[in-house]
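Here is my note on the structure, point by point. Please read it with the coordinates open.

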Amino acid sequence: MDESLTQEDINDLREKAAKHVWLPYTPVGQHGDTNVMQIFVEADGIRVTDVEGKSYIDAFSGLMYKNVGHGRQEIVDAVHEQLQKMSSVPMFYDGTIPSILLAAKLAEITPGDLSRVHYVSGGSEANEVAIKVAKQYHRLSGSPDRYKVIARQGEYHGFTHMTMALGKSGGFYSVFEPLTPGVRHIPQPYCYRCPLALSYPDCGVACAKSLESTIENEGPHTVAAFLTASISQQTPVAVPPAEYWPMIRSICDRYGVLLIDDEVVCGFGRTGKWFGIENWDVVPDIMAMAKGITSGYQPLGAVIASEKISETFEKSEDVLRNVTTYGGMPGSCAAGLANLTIFEEEGLIEKSASMGKYISDRLQPLNQHPMVGDIRGMGMFWGIEMVKDKETKEPINARKDVATLTGKLTDLGLITRADNGTIRFMPPLVTTEEEVDEAVGIVEEAISHLETELL
Ligand code: PLP
């Protein structure tokens, strides 16, 4: 228990939470409930501690952003120092030392000729702005009718109306319809449950080819961009086959459609490369990033565009028609720089790649469990898909069984998500082999528990 708090203080916090806090994705009546709402007070490395003093492994890296782990004093100090010097700038000019240095650093670590950076506050905004850049680019290039965006069904790109429309994750957001128009969808490269009922490699990667048929059907002169994540996290860890990204790149090139890569989750080492799409040696036209850019020590998002796009704006003398109050705040950019220094000093990209192999070796034996359907991932980005029956791939119950699983994981001291029946295993990039062993042991115990309940 937090020494500075009495049981009375904790009860008081829970009462206040029950009355005033409005959590995402949580029934209001359950706020403050000990079984639903944990109150966290401390974090270090890969562990977080709640107000009752219980420690947990953070196997979801916060919300897939705590890449350098918790409690990094270097980042805290860099933010502190920057805020003492200057916490914000007049008007919306991002001319601060950290914002300039971070833009140059992002240009250095991103692939190809991505080089022009615009800051926002997070991932949803980064995707919104990436689309604005694409539409404005086409207008400036003499293609004013290109306004449609093609995305992948069952993806998450953010909370705004446009990004909700891009995701179209089931009917969850149907209460907000009509969402932003002009979005079309193609299927995921989800080979374990192919949405086209085909099998790789005989399918000829039909999911990638569906981009071409969709562009043809819509009329290429109306399509501005294809936007998706290098690897989906919402259709859990659906790693595309080797041919997928090169095919997507060449289809986009053939039709003059810009390729926007949402690296909000897969970026900053999550998949064993700086950015997920580099696993396929493909360079997008625009990249959206957030989360791991500061490892969540400060809110920040960014869009980085290619030279071709930057030059088009330069020649036209038009301005990027976007501004946000908190985009590129000096403290956030200082956090970003200190965060990326840790990446380089501790070799976190290489570590993520090699630890990915270790995690794979440790997770694969779980395949012997009757309810483990599929294990997939790379780097520090893994999913264990649970099924009722290995042969039929019948999914587990999305509410009851998932609640049993996550309840057991939490009891055993590991926090992660298992929505869609897939246990996410995405700890910070600094996780050691011993910590991986401990976490995998907990995951296996929770799987055994579910099997005892159901089989
Ligand atoms: N893109 C992806 C792939 C995400 O997973 C998320 C959030 O989880 C976002 C965008 C939205 O980012 P933010 O919550 O920072 O707005």
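1. K105 is buried, with a relative accessibility of 16%. That value falls under the 20% cut-off for burial. This is a predicted model, so the note concerns computed values throughout. K105 pairs with E108 in a salt bridge, and the closest N and O atoms are 3.2 Å apart. The partner sits on the other side of the scale: E108 is exposed, at 54% relative accessible area. Both residues belong to helix α4 (residues 97-109). They are three residues apart there, which puts about one helical turn between them. In general, an α-helix has 3.6 residues a turn, so residues three or four places apart point the same way.

2. A second salt bridge within a helix links D12 to K16. Here the closest N and O atoms are 2.7 Å apart. D12 and K16 are both in helix α1, four residues apart, again about one turn. K16 is found within residues 7-20, the extent of α1. D12 is partly exposed, with a relative accessible area of 33%. K16 is partly exposed too, at 46%. For a distance check, take the C-alpha atoms of K16 and Q234: they are separated by 32 Å, with their positions 218 residues apart along the chain.

3. Buried or exposed: which applies to R376? R376 is buried, with a relative accessible area of 10%. Its salt-bridge partner is E385, at 2.7 Å from N to O. E385 is buried as well, with a relative accessible area of 2%. The pair is part of a network: salt bridges with shared partners join R193, D374, R376 and E385. The count of salt bridges comes to 21. Side chains of opposite charge can pair when their charged atoms come close.

4. Now the nonpolar interior. The largest nonpolar core has 92 residues. Within this core, L106, F226, F268, I384 and M386 touch the most other members. Helix α13 (residues 433-454) supplies the largest share of the core, eight residues. A second core is separate from it and holds 25 residues, among them A126, V149, A224 and F313. As a rule, nonpolar side chains in soluble globular proteins tend to be buried together.

5. Helix α10 deserves a look. It covers residues 330-345, 16 residues in all. From first C-alpha to last, α10 reaches 22 Å, close to the 22 Å expected at 1.5 Å a residue. Of its 16 residues, 13 are buried, so α10 is largely enclosed by the rest of the structure. Just after α10, G347 takes a positive phi of about 55 degrees.

6. How many aromatic pairs does the structure hold? There are seven. In one of them, the rings of Y173 and F176 have centres 6.2 Å apart and planes at 35 degrees, so the pair is tilted. Y173 counts as buried, at 13% relative accessibility. F176 counts as partly exposed, at 40%. W274 and F343 form another pair, with ring centres 5.3 Å apart and planes at 25 degrees, so this pair is stacked. The cut-off that matters is 30 degrees: planes under that angle count as stacked. The W274 and F343 pair links distant parts of the chain, 69 residues apart. W274 lies in the loop between β8 (258-262) and β9 (286-289), and F343 lies in helix α10. W274 is buried, with a relative accessible area of 16%. F343 is buried at 2% relative accessibility.

7. Last, aromatic residues in a cluster and on the surface. Y25, F172, Y173 and F176 form one aromatic cluster. Y25 and F172 also belong to a nonpolar patch on the surface, together with Y156 and F159. The patch has about 480 Å² of accessible area in total. Where is F159 placed? F159 lies in the loop between β5 (148-152) and α6 (161-167). F159 is exposed, with a relative accessible area of 56%.

Conventions: Residues are numbered from 1 along each chain as its sequence is written. This is a predicted model: local features need pLDDT of at least 70, side-chain atom pairs count only at pLDDT 80 or more; totals for chains, interfaces and linings use all residues. Side-chain values use heavy atoms; hydrogens and water are left out. A nonpolar core is a set of buried Ala, Val, Leu, Ile, Met, Phe, Trp, Tyr and Cys residues joined through side-chain atoms within 4.5 Å. Buried means under 20% relative accessible area, exposed over 50%, partly exposed in between (1.4 Å probe, protein chains only). Helices (H or I, at least four residues) and strands (E, at least two) are DSSP runs, numbered from the N terminus. Patches are made of residues with over 30% relative accessible area and no salt bridge: like charges are joined within 9 Å, nonpolar side chains (Val, Leu, Ile, Met, Phe, Trp, Tyr) within 5 Å. Accessible areas come from the Shrake-Rupley method with a 1.4 Å probe; for residues, only the protein chains shown count as cover. A salt bridge is a side-chain nitrogen of Lys or Arg within 4 Å of a carboxyl oxygen of Asp or Glu. The expected span of a helix is 1.5 Å times one less than its number of residues. Rings of Phe, Tyr and Trp (its six-membered ring) pair if their centres lie within 6.5 Å; planes under 30 degrees apart count as stacked, over 60 as edge-to-face and the rest as tilted.
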